[in-house]
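Biologist: Could you take me through one part of this model closely? I would like to hear about the aromatic pair and what surrounds it.

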Amino acid sequence: LSISLSVCLFSPLYPLTTGPVLKIVDREELMREKARELELQQQKEKEKEERARQKAEADAKKLAQSKIPPSEMFKGRSEFSKLDDKGIPTHDAEGKELAKSARKKLEKEYKAQEKLHSQFLEKK
């Protein structure tokens, strides 16, 4: 048998006036608890590594996206047939003029890409 010393500061079972609690614990139980703690620690490390990997992937994707000039962004897409002088689509694949709301959305995308690309050029 092993002896474990723990302090229960906020436990309703042990008021603050009692002080430290001495409890006798089986060696196997201590080993199981240590194994659980180690497993939790390893799981947290794996989760941290996974988040770091996902962030690196997102950063790489953002970098690749930022390399594309905004004027080239919509070229080569089969869903648009005509582009204006800036490279923003004006007509869909069937040759129909885009709705005002769709055009506005594409202009917003264009401006976001313009900002990304300018940041890329500044870093370069």
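Modeller: Happy to; here is a walk through the aromatic pair and its surroundings. This is a predicted model, where local features need pLDDT of at least 70 and side-chain atom pairs count only at pLDDT 80 or more, while totals for chains, interfaces and linings use all residues. Residues are numbered from 1 along each chain as its sequence is written, and side-chain values use heavy atoms, with hydrogens and water left out.

Rings of Phe, Tyr and Trp (its six-membered ring) pair if their centres lie within 6.5 Å; planes under 30 degrees apart are stacked, over 60 edge-to-face and the rest tilted. That rule gives one aromatic pair. Its partners are Phe74 and Phe80, set edge-to-face with 6.0 Å from centre to centre and 90° between the planes.

Phe74 and Phe80 are both buried (under 20% relative accessible area; exposed is over 50%, partly exposed in between, with a 1.4 Å probe and protein chains only). They also belong to the largest nonpolar core, whose seven residues include Met73, Ile88 and Tyr110. Such a core is a set of buried Ala, Val, Leu, Ile, Met, Phe, Trp, Tyr and Cys residues joined through side-chain atoms within 4.5 Å.

Leaving aside residues up to four places away in sequence, Phe80 touches Phe74, Pro89, His91, Asp92, Ala93, Leu98 and Leu106, where contact means heavy atoms within 4.5 Å. One of these, Pro89, has its C-alpha atom 9.5 Å from that of Ala102, 13 residues apart along the chain. Ala102 is partly exposed, with a relative accessible area of 30%.
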